Amino acid sequence: MLAGFDRVNFQILTVFRGMHKAGYFKVKPRPFAALSLRLRGMGAFYINGEKLISNAGDLLYIPADVAYEVEYSVNEIIVVHLSECNYHKPFIARAQNQKAAEMQFYKLLDAWTHNCSVYLAKSYIYSILDMFSDHPN
């Protein structure tokens, strides 16, 4: 599962809820990292020769400057785009408490959408990372 997030740093670029249509897509390297929670649907990601399957309830992280290919079913996500993130390994993880993790994403989305403090939004991200980490809760 996840490790090393106690030293992660980042800046938030945007937070939004979005949908993907079904299909196969090639994605060029982007200058930002993406941290997302899949609300429904599935995505099969091919990153650096590794296949990562993301289903509803999964947390997905794709670092900046990484090209990948993905095959989607129709799906919905809440995604955070991060700059200056010092974590460079893609991963998929599942929280022990799916409902609590989903609620944290909704709180993050609400905080970002309503122009709350960036520190509050960052605190939700750290809380989310903690929920998906490999230490006992």
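**A walk from strand E9 to helix H2**

Strand E9 spans residues 91–94. One face of E9 is covered and holds Phe91 and Ala93, while the uncovered face holds Ile92 and Arg94. The model behind this description is predicted. In a regular strand the side chains alternate between the two faces of the sheet. E9 fits that picture, with Phe91 and Ala93 on the covered face and Ile92 and Arg94 on the uncovered one.

Now step across to the partner of E9. Strand E6 runs antiparallel to E9, and four bridges join the two. Two pairs of facing residues help to place them. Leucine 59 stands opposite alanine 93 in E9. Aspartate 58 stands opposite arginine 94.

The second of these pairs is also joined through its side chains. Aspartate 58 forms a salt bridge with arginine 94, and the closest N and O atoms are 2.9 Å apart. This pair links distant parts of the chain, since aspartate 58 is in strand E6 and arginine 94 is in strand E9, 36 residues apart. The two ends sit in unlike surroundings. Aspartate 58 has a relative accessible area of 5%. That is under the 20% cut-off, so aspartate 58 counts as buried. Arginine 94 has a relative accessible area of 38% and is partly exposed.

Stay with E6 for a moment. How many of the five residues of E6 are buried? Five of the five are, so the strand is largely enclosed by the rest of the structure. Both faces of E6 are covered. Asp58, Leu60 and Ile62 lie on one side. Leu59 and Tyr61 lie on the other.

E6 has a further partner in E3. The two strands pair in the antiparallel sense over four bridges. Here serine 36 stands opposite leucine 60 in E6. So far, then, E6 has been seen pairing with E9 and with E3.

E3 leads on to another set of charged residues. A search of the whole structure finds three salt bridges. One of them is the pair of aspartate 58 and arginine 94 already met. In another, the side chains of glutamate 76 and arginine 40 meet, at 3.3 Å from N to O. Glutamate 76 lies in strand E8 and arginine 40 in strand E3, so this pair ties together parts that are 36 residues apart in sequence. Arginine 17 also forms a salt bridge with glutamate 76, and here the closest N and O atoms are 2.6 Å apart. That contact links distant parts of the chain too, with arginine 17 in strand E1 and glutamate 76 in strand E8, 59 residues apart.

Which residues are linked in a network of salt bridges? They are Arg17, Arg40 and Glu76. Glutamate 76 takes part in both contacts, with arginine 40 and with arginine 17. Is glutamate 76 buried or exposed? At 13% relative accessibility, it counts as buried. Its two partners are partly exposed: arginine 17 has a relative accessible area of 43%, and arginine 40 stands at 38% relative accessibility.

Next comes a helix. H2 covers residues 118–131 and has 14 residues. From its first C-alpha to its last it reaches 20 Å, close to the 20 Å expected at 1.5 Å a residue. At its start, a side-chain oxygen of serine 117 reaches to within 3.0 Å of the backbone nitrogen of tyrosine 119.

The buried residues of H2 are Ala121, Lys122, Tyr124, Ile125, Ile128, Leu129 and Met131. An α-helix has 3.6 residues a turn, so residues three or four places apart point the same way. Ala121, Tyr124 and Ile128 are among the buried residues of H2. What covers these buried residues includes strands already met, among them E3 and E6. Strands E1 and E8 and helix H1 (98–113) belong to that cover as well.

Last, look at two loops. Asparagine 48 is found between strand E4 (42–47) and strand E5 (50–55). Asparagine 48 has a positive phi of about 50°, although it is not a glycine. At 68% relative accessibility, asparagine 48 counts as exposed. Aspartate 65 is found in the loop between E6 and strand E7 (68–72). Phi of aspartate 65 is near 60°, a positive value in a residue other than glycine. Aspartate 65 also counts as exposed, at 59% relative accessibility.

Terms used: Residues are numbered from 1 along each chain as its sequence is written. This is a predicted model: local features need pLDDT of at least 70, side-chain atom pairs count only at pLDDT 80 or more; totals for chains, interfaces and linings use all residues. Side-chain values use heavy atoms; hydrogens and water are left out. Buried means under 20% relative accessible area, exposed over 50%, partly exposed in between (1.4 Å probe, protein chains only). The expected span of a helix is 1.5 Å times one less than its number of residues. Contact means heavy atoms within 4.5 Å. A polar contact is a pair of N or O atoms within 3.5 Å; within protein, one must be able to donate a hydrogen and the other to accept it, and residues adjacent in sequence count only if both atoms are side-chain atoms. Two strands pair if DSSP finds at least two bridges between them. A salt bridge is a side-chain nitrogen of Lys or Arg within 4 Å of a carboxyl oxygen of Asp or Glu.
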